Amino acid sequence: MTIAEYELRMEAYNLQRVEQQYDAATLAWMSRNAQAFDKDGNAVFKDFNEFFDRQDAIDQVRSSFEPNYQPETKNKKKRANKQDIMLKRIKEYQKLHPRKGAN
């Protein structure tokens, strides 16, 4: 077995491990413990990707084996950040200026 074959097999093995972690995280997400709520009764994790970011794990594995690999999560995080900021601003505005007649 050559070094290149070994590295390819190791990358494949690590990607299989990511899939196993994803399966375990999915199972944990489905069975969500009672402790997964904050003091106000809201879920700690609003989105599954907050709990386990599959693409980020894949990017970490691939970037360690492929020197020219460009992670896909960087672009997504920038877009998500802008969306999160806008949502936060909208919620703050709604708190400061509630609609008339709303409960």
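R54 is partly exposed, with a relative accessible area of 31%. In this predicted model, R54 forms a salt bridge with E19, and the closest N and O atoms of the pair are 2.6 Å apart. The bridge links distant parts of the chain: R54 belongs to helix 3 (residues 54–65) and E19 to helix 1, with their positions 35 residues apart in sequence. Like R54, the partner has an intermediate accessibility, as E19 is partly exposed at 29% relative accessible area.

The total number of salt bridges is two. The other pair is R62 with E66, whose side chains meet at 3.1 Å, N to O. R62 is partly exposed, with a relative accessible area of 26%. E66 is also in the partly exposed class, at 23%.

The table lists the two pairs.

| Pair | Closest N to O distance | Relative accessible area |
|---|---|---|
| R54 and E19 | 2.6 Å | R54 31%, E19 29% |
| R62 and E66 | 3.1 Å | R62 26%, E66 23% |

**A buried charge**

What is the nearest side chain of opposite charge to E11, and how far away is it? It is R62, at 4.0 Å, and E11 is buried yet has no salt bridge. E11 is found in helix 1, which covers residues 3–31. Leaving aside neighbours within four places in sequence, E11 is in contact with V61, R62, F65 and E66. Both members of the R62 and E66 salt bridge are therefore among the contacts of E11, as the cut-off for a contact is heavy atoms within 4.5 Å.

F65, another contact of E11, has its place in helix 3. Its relative accessibility is 24%, and F65 counts as partly exposed. Beyond neighbours within four places in sequence, F65 is in contact with E7, M10, E11 and N14. F65 and L8 lie 57 residues apart in sequence, while their C-alpha atoms are 8.0 Å apart in space.

**The nonpolar core**

Which residues make up the largest nonpolar core? There are eight: V18, A25, W29, F48, F52, A57, I58 and V61. Helix 1 and helix 3 are the elements that give two or more residues to this core. V18, one of the core residues, is in contact with F52, R54, A57, I58 and V61 when neighbours within four places in sequence are set aside. Among these contacts of V18 is R54, the residue that forms a salt bridge with E19. V61, also a member of the core, is one of the contacts of E11.

**The whole protein**

The protein has four helices and zero strands, so that from the N terminus its elements run α-α-α-α, where helices and strands are DSSP runs. Of its 103 residues, 14% count as buried. The exposed area of the protein is about 9,200 Å², and carbon and sulfur atoms supply 52% of that area. Among contacts with a separation of 6 or more, residues 24 or more positions apart account for 44%.

The mean pLDDT of the protein is 79, and 84% of the residues reach 70 or more. By element, helix 1 has the highest mean pLDDT, at 88, whereas helix 4 (residues 73–96) has the lowest, at 73. Helix 1 is also the element that holds E11 and E19.

Note on methods. Residues are numbered from 1 along each chain as its sequence is written. This is a predicted model: local features need pLDDT of at least 70, side-chain atom pairs count only at pLDDT 80 or more; totals for chains, interfaces and linings use all residues. Side-chain values use heavy atoms; hydrogens and water are left out. Buried means under 20% relative accessible area, exposed over 50%, partly exposed in between (1.4 Å probe, protein chains only). Lys and Arg count as positive and Asp and Glu as negative; His and the chain ends are not counted. A nonpolar core is a set of buried Ala, Val, Leu, Ile, Met, Phe, Trp, Tyr and Cys residues joined through side-chain atoms within 4.5 Å. pLDDT is the predictor's confidence in each residue, from 0 to 100. Accessible areas come from the Shrake-Rupley method with a 1.4 Å probe; for residues, only the protein chains shown count as cover.
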